Each structure stands twice: as structure tokens, then as C-alpha cells.
Amino acid sequence: MPHLHPTNASLLELHLTGIPGLQHLHHWISIPFCIMYLVTLAGNSILLWVIKADPSLHLPMFLFLSMLAVVDLVMSTSITLKMLSIFWFHSTAISLDACLTQMYFVHASSAMESGLLVAMAFDRYVAICNPLRYLSILTGPVVAAIGSATLLRAVVFMSPLTFQIRRLPLCNLAVVDHSYCEHMAVLRLACGDTAFSNTYSLSVSTYVCTFDSLLITLSYTLILRAALSLSSPQVCKKSFSTCSSHLCIIALFYIPGLLSMYIKRYHQKLPPHIQVLLADLYLLIPPAFNPLIYGIRMKQIRDAVSRVI
């Protein structure tokens, strides 16, 4: 299609290709993407509404869950609406400023999501391993400080990605071979020296994913060790069920994200549509499943829904 390969000397307008090589399947691909987005909207909105409406849920665990729901809504909305417009209406054009804004929100919300998963793992560790000191450790100011630190880290780490691209001259074809303004895909349009941006992006992403996943693994290891020391098999079974479901959704966030990042750099022969789908799914699947895994499966949430309704 001609509108997919424009040239624009000033590059004030870019064009997203969607899923490279699978444009003929865009309408079919849009169905699961749309369903996941609707589930994300419904699940996270209901979760926020119930937590706000029921005073018994105004506890650290549910405050962290509220923060995660807000981040999930921002992360999913920042890419899905534009993707669906590409899939349904072939609306590939996006201004450079809008593209950089989308990039910033995508990467900053991903970093925030990672930080909040660490905070929630720490919350569960304190609740199970130090239940009598739970509310004295995770006070309101401490929860607010953790949330603020997560936001500040995302802003500090991810702002240079956007600023570096803004400073680089973009002089190649104004076509981004992606379904959203992913950093590496946009960086390929640059005709200047991109070594710093490449190195910084890889270093920060690796640090955030590795450091956070290690802290999460440590927290759940200590939780399982504490559960195994209990004499009640029912409590052990419940702890294993909770930890396994949490670790599965965490793996769905970290593994595709790291794979898509390293594949782009070191396995260029892999079909582009596989790379793009990996990058899409790690931003779409966790926001859809987080309300189910962290929220609906919790008895307190189900009871609160019944009371509120």
C-alpha cells in the first residue's frame, strides 16, 4: 500500500506499519488485541472502583494493587488505541511529538510496572513472614514513599531514551516497522551516532528486569520457606497456589520483554512479525491478567464486590 512508504524530509510525521509482513491479517489479529484491551479496561476499572468504595480494602496490599491497575490502564491504552486504528482503518500516520510521547509512556509505565511488582512481592513477604508487624512496617507514608520512588525511578531512567532520540537527526524513510513507537524501531530512522542510545537502552532495560526479578524471586522464596514451616497443609497449598500464579504473570511480563529487546539486537534474521508480536504481547497480556491473578482470585476482593453491589 502506498501510504505505508512515504518520505518526509522533516520527519514531523511518521508511519507505523502495524505487524510487518502480516498486514493482510490485521483484522484477525485485532480481535484478540481488542478483547485483551476490553478485559484490561473492565478488570482494572472494577478493581479501582471496589477498592475505593470499600474501606476494608484501604490496606497497603490493595493500595499497591490500585497503583498497578492505574499503570496497567496507562500502559495498555498508550499503545492499543493506535494499534486498533492501524488494524481497522489503516491509520498509520502519527506525528513525531505524539510518537515520542507514546514511547515515553510505554517505557516509563513498563518500568513502573516492574517496580510495583517488586513492591507487591515485598508486601506479601511482610504479610506472611511478619504478620504482627505488617501495619507498623507498611504505614501510609511508607506506601506513598514506595510508590513515589517507583515513579521517580521510571522518570529518571526512561527520560533520556526520549530526549536522545529528540536530539538525533532523523533522516531515513519515515516508516516505523512496528505497531507502536518502540524505542529501537524509531531509533533505526536516525542517521547520526546511535551508540549511546543503544547502549543506554540495553543497560537500563537489563538492569531493571534483572534487579527487579531477583528481588521478586527472593521475596517469594522466603514466602515459600515460611509456608513450608507451617504445620497446616491447607495453608501450604494456598501459599503455593498464590506464589505460582503470581510468578506466572511476572514471567509473562519479564520474559517476552527481554526476548524482544535482545532479539532486535542480536538475532536480526528472526522474522520481524515475531519480534513485534513479542513486544506487543508483553505490554498487553499482563494488564489483562493482573486484575484476575492479583484481584479476583482474592477472597477479600470477591467479598468486597458483593458488599459494594
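Let us start where two helices meet: helix α2 (residues 60–89) packs against helix α9 (residues 272–296) at an angle of about 145°, their axes lying 9 Å apart. Here the axes are lines fitted to C-alpha atoms, for helices over the stretch in contact, and angles run from 0 to 180 degrees between N-to-C directions. The helices themselves (H or I, at least four residues), like the strands (E, at least two), are DSSP runs numbered from the N terminus. This is a predicted model, in which local features need pLDDT of at least 70 and side-chain atom pairs count only at pLDDT 80 or more, while totals for chains, interfaces and linings use all residues. Residues are numbered from 1 along each chain as its sequence is written, and side-chain values use heavy atoms, with hydrogens and water left out.

Stay with this pair of helices for a moment. The crossing of α2 past α9 is left-handed; that term applies if the near helix is turned anticlockwise from the far one by less than a right angle, and a clockwise turn would make it right-handed. On the α2 side, the residues in contact (heavy atoms within 4.5 Å) are Leu 65, Leu 68, Asp 72, Met 75, Ser 76, Ile 79, Thr 80 and Met 83. They meet Asp 280, Leu 283, Leu 284, Pro 286, Pro 287, Asn 290, Tyr 294 and Gly 295 of α9. Sorted by class, this contact has ten nonpolar, four polar and two charged residues. In that sorting, Ala, Val, Leu, Ile, Met, Phe, Trp, Tyr, Cys and Pro count as nonpolar, Asp, Glu, Lys and Arg as charged, and the others, Gly among them, as polar.

One residue of α2 deserves a look of its own. Leu 65 lies in this helix, and its relative accessibility of 2% makes it count as buried. Buried means under 20% relative accessible area, exposed means over 50%, and partly exposed is in between (1.4 Å probe, protein chains only). Leaving aside neighbours within four places in sequence, Leu 65 is in contact with Leu 47, Ile 51, Met 120, Tyr 294, Gly 295 and Met 298. Of these partners, Met 120 is 55 residues away from Leu 65 in sequence, yet the two C-alpha atoms are 7.6 Å apart in space.

Now step back to the whole chain. It contains ten helices and three strands, and along the sequence they follow the pattern β-α-α-β-α-α-α-β-α-α-α-α-α. Of its 309 residues, 50% count as buried. Among contacts with a separation of 6 or more, 78% come from residues 24 or more positions apart.

Following α2 onwards brings us to His 90, in the loop between α2 and β2 (93–95). Its phi is near 55°, a positive value in a residue other than glycine. His 90 counts as partly exposed, with 36% relative accessibility.

Next come the cysteines. A disulfide is a covalent bond between the sulfur atoms of two cysteines; the cut-off used here is a pair of sulfur atoms within 2.5 Å. The structure holds one, and it joins Cys 99 to Cys 181, with an S to S distance of 2.0 Å. Cys 99 lies in helix α3 (residues 96–129) and Cys 181 in the loop between β3 (175–176) and α6 (183–187), so the bond ties together parts that are 82 residues apart in sequence. The torsion about the S-S bond is about -125°, which is why this disulfide is left-handed. Both Cys 99 and Cys 181 are buried. Cys 34 also counts as buried, at 19% relative accessibility, as does Cys 209 at 15%.

Finally, consider the charged pairs. Side chains of opposite charge can pair when their charged atoms come close. For a salt bridge, a side-chain nitrogen of Lys or Arg must be within 4 Å of a carboxyl oxygen of Asp or Glu, and the structure holds three of them.

Arg 166 pairs with Asp 97, the closest N and O atoms being 3.1 Å apart. Because Arg 166 lies in helix α5 (residues 140–167) and Asp 97 in helix α3, this pair ties together parts that are 69 residues apart in sequence. Arg 166 is partly exposed at 47% relative accessibility, and Asp 97 is partly exposed with a relative accessible area of 47%.

Another bridge links Arg 124 and Asp 123, with the closest N and O atoms 2.8 Å apart, and both residues are buried. The remaining bridge joins Arg 153 to Asp 212, at 2.7 Å between the closest N and O atoms. Arg 153 lies in helix α5 and Asp 212 in helix α7 (residues 195–228), so parts 59 residues apart in sequence are tied together. Arg 153 counts as buried at 18% relative accessibility, and Asp 212 is buried with a relative accessible area of 2%.
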